Amino acid sequence: MKYIILFGLLSISQVACVNRQPAVLSDVQTDSSLRLPYYTTADFTPHWLKNNEEVPVEAHTIPEFSFTDQAGRIISQQTTNDKIYLANFFFTSCRGICPKLSNNLKIVQDALLKDEQVLILSHSVMPEADDVIALQRYAKNYGVINKRWHLLTGNKDSIYTIARQSYFADEDMGMQKTKDDFLHTENILLIDKHRHIRGIYKGTSQLEMQAIIEDINILVREK
């Protein structure tokens with residue numbers, strides 16, 4: 001049997017890039033199923049489980065959270081229970097990477113519209129400006145479907161803390177960020193049903209959207 005390995009690129013930040021580890025047919029597996037790695041550290045080094053190996057108890061997990069979406073609903077970890085979701089960061093007045101990132105996420109939303117297991121969580125990094133009304137306007141402009149794609153606002157410290165400590169957002173190699181540094185990243189993260197990071201993608205690349213769709217389908221089939 002021939003094993004096919006796909007390679008992609010991950011942008012860790014605006015100034016640093018490393019190879020993204022996409023879904024592969026792992027050489028430690030004895031069956032023919034595809035699996036995704038786990039990402040547990042800020043350098044996004046992939047950790048592959050051996051066949052039948054269980055996820056370590058101490059594996060990095062996205063903690064509890066609570067934010068408000070464009071419909072005024074509270075979105076928390078309970079919303080994502082038994083769901084696969086994508087997480088990213090943006091702000092509505094952004095004229096740089098955010099429009100392209102949002103247009104690309106719409107590709108994913110539309111491709112997986114029939115699969116209710118999949119959600120998108122887009123966190124505003126300017127929550128002081130992005131209230132529910134601003135998020136509603138943005139949602140309308142980008143064809144966001146409320147029940148599938150949540151544009152989130154809330155306490156700024158909470159958003160920045162979960163972004164940097166849990167999603168490892170906009171990490172620069174060897175450069176420590178403080179809570180006062182502005183958060184701006186094109187990364188999209190794939191989170192599984194157990195709140196583990198399973199993929200990182202360059203959100204401004206339309207080609208990466210196909211990789212996201214394929215990897216989500218792998219997680220859907222994962223036992």
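In this predicted model, Ser-93 counts as partly exposed, because its relative accessibility is 43% and that class lies between the limits of under 20% for buried and over 50% for exposed residues. Ser-93 is placed in the loop that runs between strand S7 (84-90) and helix H1 (98-111). Although Ser-93 and Ala-134 are separated by 41 residues in sequence, the distance between their C-alpha atoms is 9.3 Å.

Ala-134 falls within the residue range of helix H2 (residues 132-141), and this helix, together with strands S8 and S9, makes a right-handed β-α-β unit. The two strands of the unit, S8 (residues 118-124) and S9, pair in the parallel sense over four bridges, and the bridge partner of Ile-120 in S9 is Trp-149. Along S9 (residues 149-152), Trp-149 and Leu-151 point one way, whereas His-150 and Leu-152 point the other way, and all of these residues are buried.

In soluble globular proteins, nonpolar side chains tend to be buried together. In the present model, the largest nonpolar core has 56 residues, and those with the most contacts inside it are Tyr-85, Leu-86, Tyr-167 and Ile-216. Helix H4 (residues 206-221) gives the most to this core, contributing seven residues. When neighbours within four places in sequence are left aside, Tyr-85 is in contact with Ile-62, Phe-65, Thr-80, Leu-119, Leu-121, Tyr-167, Leu-189, Leu-190 and Ile-191. Among these partners, Tyr-167 is itself one of the residues with the most contacts inside the core, while Leu-119 and Leu-121 fall within the residue range of strand S8.

Key:
Residues are numbered from 1 along each chain as its sequence is written. This is a predicted model: local features need pLDDT of at least 70, side-chain atom pairs count only at pLDDT 80 or more; totals for chains, interfaces and linings use all residues. Side-chain values use heavy atoms; hydrogens and water are left out. Buried means under 20% relative accessible area, exposed over 50%, partly exposed in between (1.4 Å probe, protein chains only). Two strands pair if DSSP finds at least two bridges between them. A crossover is right-handed if, with the strands pointing away from the viewer, the path from the first strand over the helix to the second runs clockwise. A nonpolar core is a set of buried Ala, Val, Leu, Ile, Met, Phe, Trp, Tyr and Cys residues joined through side-chain atoms within 4.5 Å. Contact means heavy atoms within 4.5 Å.
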